[in-house]
Amino acid sequence: MSILHFPFASFTTDHETTIQSLNDAAFELFQGKVAAGDKADSVFSDFRTDQETFLGKLQDRCFLFFMRNTNDPPSHGIFNYIAVQGEEYAGMKEKIKELNKSNRELDAIIESSYDGIYITDHEGNTLKTNSAIERISGIPKHYYIGKNVHDLMKRGILKESVTTKVLKAKKTVNVVQKNFNQKKTVMTGSPIFNENGEIEKIVTNIRDLSELNELHEQLNEVQQLNKKYEQQLERLKAYTKEDPEVVIKSEKMLDLFNTAERLAQVDTTVLILGETGVGKDVLARHLYRVSNRYDSGNFIKINCGALPKDLLESELFGYEAGAFSGASRSGKPGLFEMADRGFLFMDEVGEMPEPLQVKFLRVLQEKEIQRIGGTKTKKVDVRVIAATNKDLKKMVKEGTFREDLYYRLHVVPVFVPPLRERKEDILPLVQSLVNKYNKKYEMNKTADRTLTEFFLRYHWPGNVRELSNLVERMMITCPAKSLSFGDLPDEYKEGYEYVPESTLLPLKKSVEEAEKKVLSTAVKKWSTTYEIAEHLETSQATVVRKLKKYGLSIDTETL
């Protein structure tokens, strides 16, 4: 039967892997990218002629191939192949590889344990033990394998079975006894339950009590390390939990970070918008921490506006040896390569020079880069998070930013509101910053009410970055332990006067104080009561009366 009539994607090659023919199913499966006459080992990466079943790739797609060599004339030297989608098989293969690795690691861990490890099934049959049991009991470990604990008790190897006690109690049991070698040991049997709550296995740890004191300190270190790993694992698994480095309380920011946690699980480009200093990089790092890429790759950051064009290109794409004067002899990988399987955060992307925007667009579209001075392309698996405080849409209209790149970046735009629009975040941020700098500079300072009230009223043009810099500046330069409004730099106090509640006056008295203050300024600025009356939009008689009331006078005029 000809392969052209096969219901599966099929093709044939000669002994040099040149494709002789392929059926319609193969043409459709390969999306028209493979044709007769192509070299299979060039079209497909990892293409094999010495294996009947193997995985190969066409660009970024994975396929499973089944090969049969037809040696009978007249088709001598012809190889028949059937291809199917291979992602699932590749995933299974990787999982089996990981499982085998885990089993090897588990065996190594059990074998390297200084304590004796003894594992039985739910009937008490010995499944596995380690070499340490020989040192403790004086009996070779292979003697135990396959034997039931009841038989071992009958032969005098065991005086008391902790396995039997665990099966009865259905919980961890400790037994202290002398073993066959007359060593006093503590045996801790722990049950392992299946999904139905039934005991599946019992793991018994056997320790020589004479060595307990020596190992006590080591045990504490192991427990602390395990606790640390558990905390890290919990934080990575539960991505919906609050990031410890994120300080937010306002509804706007809570909604924003909830959205970010959903976006983190989808490999799409995110464009973070907002004024300077609002915390766009904090949001980008949070996306990375709660994403699946946290384990597989790094978080790489670059500020596109901080580097000259030529340097920015070499930083992003890397270069080959001798690509330009001063280049490293061994070449250098770019940030796209360094961020492979991770995140690349491109801050101030609106500052990227237009010629470089073309190469950047290719990376987003083709998922491949080419080093400066290189001739080959390289596939990269990078999730790009871009950020800017500029109006990219306006820049597109002005011709300073490519329209096609704009739409590539603008897949999921996220706006971080300025600090003045989320005042609920200000006091938690202040407290977090005070704690941070107290620890950094070994201080014990606080911010009093007068200062926090100022923080809430100030408009914060520099947003969180300005707040952070101001708090750090005050903590370093002010000797007082309790920072107040009076400790603020002069530029912050201009045009702002703090009036504590304890000094509030009755309304009439407050009006009089205000009148006196205005008139005091007026007599210094103008030389006649007529000028004062004109500028204060009142009568000259009223001005004369008020000046007399408050004991004020104009030196250049006799009233």
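## Strands E6 and E7

Let's start with one strand pair: E6, covering residues 116-121, is joined to E7 by three bridges, and the two run antiparallel. Within this pair, Tyr118 sits opposite Thr129 of E7. Keep in mind that this is a predicted model.

## The wider sheet

Zooming out, E6 and E7 belong to an open sheet of five strands, ordered E7-E6-E10-E9-E8 with antiparallel pairing. Its edges are E7 (126-129) and E8 (173-178), each of which pairs on one side only. From one strand to the next, the twist averages 20 degrees.

## A helix across the strands

Next comes helix H6, made up of residues 162-169, which lies across E6, E8, E9 (184-193) and E10 (199-208). Relative to E10, H6 runs at about 135 degrees.

## Cavities

On to the empty space: the structure has three cavities of 30 Å³ or more. The largest cavity holds about 190 Å³ of space. It is lined by 20 residues, and those closest to its centre are Ile133, Tyr144, Leu158, Met187 and Ile206.

Which elements give two or more residues to that lining? They are helix H4 (132-137), H6, E8, E9 and E10, so H6 turns up again here, along with three of the sheet strands it lies across. H4 gives the most, with three residues. As for chemistry, the lining of the largest cavity breaks down into 11 nonpolar, seven polar and two charged residues.

Methods: Residues are numbered from 1 along each chain as its sequence is written. This is a predicted model: local features need pLDDT of at least 70, side-chain atom pairs count only at pLDDT 80 or more; totals for chains, interfaces and linings use all residues. Side-chain values use heavy atoms; hydrogens and water are left out. Two strands pair if DSSP finds at least two bridges between them. Helices (H or I, at least four residues) and strands (E, at least two) are DSSP runs, numbered from the N terminus. Axes are lines fitted to C-alpha atoms, for helices over the stretch in contact, and angles run from 0 to 180 degrees between N-to-C directions. Contact means heavy atoms within 4.5 Å. On a 1 Å grid over the protein atoms alone, a cavity is a set of points where a 1.4 Å probe fits but cannot get out, and a pocket is an open set with protein on both sides within 12 Å along at least five of seven lines; lining residues have an atom within 4 Å of a point. Grid points are joined across faces, edges and corners, and a volume is the space filled by probe spheres set on the points. Ala, Val, Leu, Ile, Met, Phe, Trp, Tyr, Cys and Pro count as nonpolar, Asp, Glu, Lys and Arg as charged, and the others, Gly among them, as polar.
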